[in-house]
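This report walks through selected features of one protein model, with the ring pairs taken up before the helix packing and the backbone. Please keep the sequence and the structure at hand while reading.

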Amino acid sequence: MLEYALYQNHKAYTKALNHIQPLIEQLVADELSKREDEKDQPAKERNSAQSQRKWARQALLFKEINAVIQSLPLALSSKATRSIPGAIIGQIESHLELQDEQDSVGLPSVRILKPREDQFDDALAKIGKSLTLEEMREAQDDLARVSKPGVYRPVLFAKNRIGDGFLLLRDEQTKRYFIWLNLVPSSSKFAKLTAAESKVGSCRKVSNLVNMRTGEVISFSSKTGCLFPIEFGRDYQDAEFLESGSPLTAMLLRRDKGYFVHIAFEFKKKAISPTTFMGVDRGIYNLASMSVIDKQGTIIDRRNADGRDLRFVQRKIEQRQRKQQRRGKVFKGKQRLHAADEAVHRSANEIVAMAQKHDAQVIMENLAPLASRRGKRKRSNFNRVLNRSQYQKLQSVLKYKLAVAGIPPAKEVHPAYTSQACPICGHISKDNREKIALDDGFKMDVFKCAECTHTDDADLNAARNIALKRMWRDSLSPAFKKKLFNEVPDKKSFPNFLKTHASKRGESACDLRIGTFGRSDLDASYEDGENQPGSNADEPWSGSNTHVSNNSASKQTLVSLSGKNSHKKKPNKRGPTNV
């Protein structure tokens with residue numbers, strides 16, 4: 001039944017996508033053309049027009065997709081708005097949004113399950129006939145698509161219902177967990193009970209199990225679904241998900257020869273009203289440096305989340321990668337990705353814990369321009385490590401972790417001058433971050449003001465400045481909030497703000513000489529993308545000082561469909577299993 005549901009879902013998705021492919025090309029071309037015509041219009045009018053076209057486009061696509069899949073042998077879960085139709089429409093909308101960030105983005109496609117030999121020959125011949133680089137790349141993509149068989153698309157269960165969704169269940173006596181999945185239509189051959197099932201207990205029957213979403217004890221039977229025992233890391237998952245959240249959606253997929261379900265949980269927490277500010281600075285050896293300040297700018301708490309273990313692992317893996325590539329072998333960097341994921345989640349947990357402790361509003365730098373691969377920019381090891389260490393992933397992980405804790409979404413500031421500014425006298429200069437040449441880069445772990453000699457840990461000082469910069473921006477009148485950094489008058493400037501608040505606190509340079517915290521040998525020149533004071537720092541208010549994103553308080557976990565539960569399975573010590 002699992003195999004049948006996955007195969008039919010993939011087949012229906014492919015048929016629907018192929019059917020509406022000409023319509024997709026037309027809609028995408030029309031939308032891009034209209035966006036080009038509207039680029040000089042005010043943002044409000046432009047966004048309103050795009051939104052109206054979006055809803056009209058989605059309604060048309062849903063109607064066309066639904067007409068194709070309604071007659072196919074699918075379970076109701078696959079026909080739901082958020083399943084096959086929603087997935088195709090979501091791909092199209094993502095394609096349109098990516099047009100603003102990348103020069104060339106392919107239209108939605110799906111991998112074929114069983115490539116035919118003639119398809120491979122046609123793709124190979126297409127490469128030989130290519131006259132331009134663009135044609136050759138397109139042909140190479142076609143060859144890659146048909147040379148390797150794809151995997152089933154996952155089946156989404158968007159509802160907690162018997163007839164067209166899923167249920168997460170528990171046996172109160174044995175404390176075992178089960179999942180009910182609605183998999184086949186009533187017309188399927190699997191919807192008929194076998195002779196053995198009619199005589200004894202069947203997986204089609206649920207008896208006295210607790211619905212983990214409602215807490216009710218339920219009993220029922222259905223021919224279109226099946227009950228599966230599940231196994232997972234009980235010590236971790238019970239406390240992290242099952243005790244504090246309720247199952248929201250599930251996604252069935254096959255990995256190798258096993259079947260798994262990703263379950264998204266919903267968490268409802270009482271919102272915390274921030275009383276302090278916590279600046280978070282992201283670096284190389286310190287993945288995150290946190291500094292909590294009150295409304296006067298006084299330091300309440302701070303610490304570094306060390307990332308040197310991740311950097312060590314990355315360097316070792318890169319050495320092995322270079323060796324294998326010199327030998328002509330393909331290198332797969334799963335170990336590096338795992339190490340980065342573990343470090344990111346550990347850092348995010350530390351940030352959330354400190355924010356909870358002090359009821360803090362998290363403030364982060366907008367590092368999107370540095371992480372972007374678009375356009376020409378001076379390459380540096382910091383930019384390379386920034387992409388590799390998944391700094392943007394830290395931001396995305398924080399989206400749900402902050403929401404689960406009841407903390408407001410993180411806000412952003414432009415990173416310019418945050419590592420060069422003195423929080424005591426307001427002096428901004430790159431000389432405040434002295435570079436000491438080392439064998440593999442520079443040592444820049446100490447901040448020392450060239451004006452007042454205030455000394456501090458460089459990353460913690462930057463974290464404090466990030467929080468102070470948000471306070472400064474919030475204190476400005478609406479007329480000045482939209483001004484660039486260097487366009488704000490001196491009396492209302494960021495340096496004057498720092499100096500004034502330090503005076504109000506009664507803080508002087510000699511009050512804080514923290515030192516280096518033992519850090520050393522930063523990789524190459526790390527300037528945070530900053531400009532010298534007096535230059536045209538590109539720091540518009542719009543976009544760079546708003547909420548990181550809309551927050552969704554949901555998390556996912558991965559469980560395996562198995563014939564038995566694993567009550568004694570230990571949690572993964574190398575990192576969390578949530579995805």
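## Aromatic pairs and local features

Phe 241 and Phe 267 are both buried. The model in which they sit is a predicted one, and a search of the whole structure finds ten aromatic pairs in it. Phe 241 and Phe 267 form one such pair, which is tilted, with 6.4 Å from centre to centre and 55 degrees between the planes. Because Phe 241 lies in helix H9 (residues 234-242) while Phe 267 lies in the loop between strand S8 (258-266) and strand S9 (276-281), this pair ties together parts that are 26 residues apart in sequence.

Trp 472 and Phe 494 form an aromatic pair that is also classed as tilted, at 5.4 Å centre to centre and with 50 degrees between the planes. Trp 472 belongs to helix H15 (residues 458-475) and Phe 494 to helix H17 (residues 494-505), so the pair ties together parts that are 22 residues apart in sequence. Trp 472 and Phe 494 are each buried. The two pairs are set out below.

| Aromatic pair | Centre to centre | Angle between the planes |
|---|---|---|
| Phe 241 and Phe 267 | 6.4 Å | 55 degrees |
| Trp 472 and Phe 494 | 5.4 Å | 50 degrees |

Trp 472 and Phe 494 also belong to a cluster, in which ring pairs link them with Tyr 417 and Phe 485. Tyr 417 is placed in the loop between strand S13 (411-413) and strand S14 (436-438), and with a relative accessibility of 0% it counts as buried, because the cut-off for that class is under 20%.

The backbone of Tyr 417 deserves a separate look. Most residues other than glycine have a negative phi. Tyr 417, although it is not a glycine, has a positive phi of about 75 degrees. Asp 359 likewise has a positive phi, near 50 degrees, in a residue other than glycine. Asp 359 is found in the loop between helix H11 (334-358) and strand S12 (360-365), and its relative accessibility of 31% is the reason why it counts as partly exposed.

Turning to helix packing, helix H1 (residues 2-19) and helix H5 (residues 84-98) pack at an angle of about 50 degrees, with their axes 10 Å apart, and the two helices are therefore oblique to each other. The crossing of H1 and H5 is right-handed. On the H1 side the contact is made by Asn 9, Ala 12, Tyr 13, Ala 16 and Leu 17, and on the H5 side by Ile 84, Ala 87, Ile 88 and Gln 91. Sorted by class, the contact of H1 with H5 has seven nonpolar and two polar residues, and no charged ones.

In strand S6 (residues 225-231) one finds Phe 228, which counts as buried because its relative accessibility is 14%. Between Phe 228 and Leu 181 there are 8.0 Å in space, C-alpha to C-alpha, although the two are 47 residues apart in sequence.

For the protein as a whole, there are 17 helices and 18 strands, and 47% of its 579 residues count as buried. Among contacts between residues at least 6 apart in sequence, 72% join residues at least 24 apart.

Technical notes. Residues numbered from 1 in each chain as written. Predicted model: local features only at pLDDT ≥ 70, side-chain atom pairs only at ≥ 80, totals over all residues. Heavy atoms only, no water. Axes fitted to C-alpha atoms, helices over the stretch in contact; angles between N-to-C directions. Helix = DSSP H or I, 4+ residues; strand = E, 2+ residues; numbered from the N terminus. Parallel < 35°, antiparallel > 145°, perpendicular 65-115°, else oblique. Left-handed = near helix turned anticlockwise from the far one by under 90°. Contact = heavy atoms within 4.5 Å. Nonpolar A, V, L, I, M, F, W, Y, C, P; charged D, E, K, R; others polar. Buried < 20%, exposed > 50% of the residue type's maximum accessible area, 1.4 Å probe, protein only. Phe/Tyr/Trp six-rings, centres within 6.5 Å; stacked < 30°, edge-to-face > 60°.
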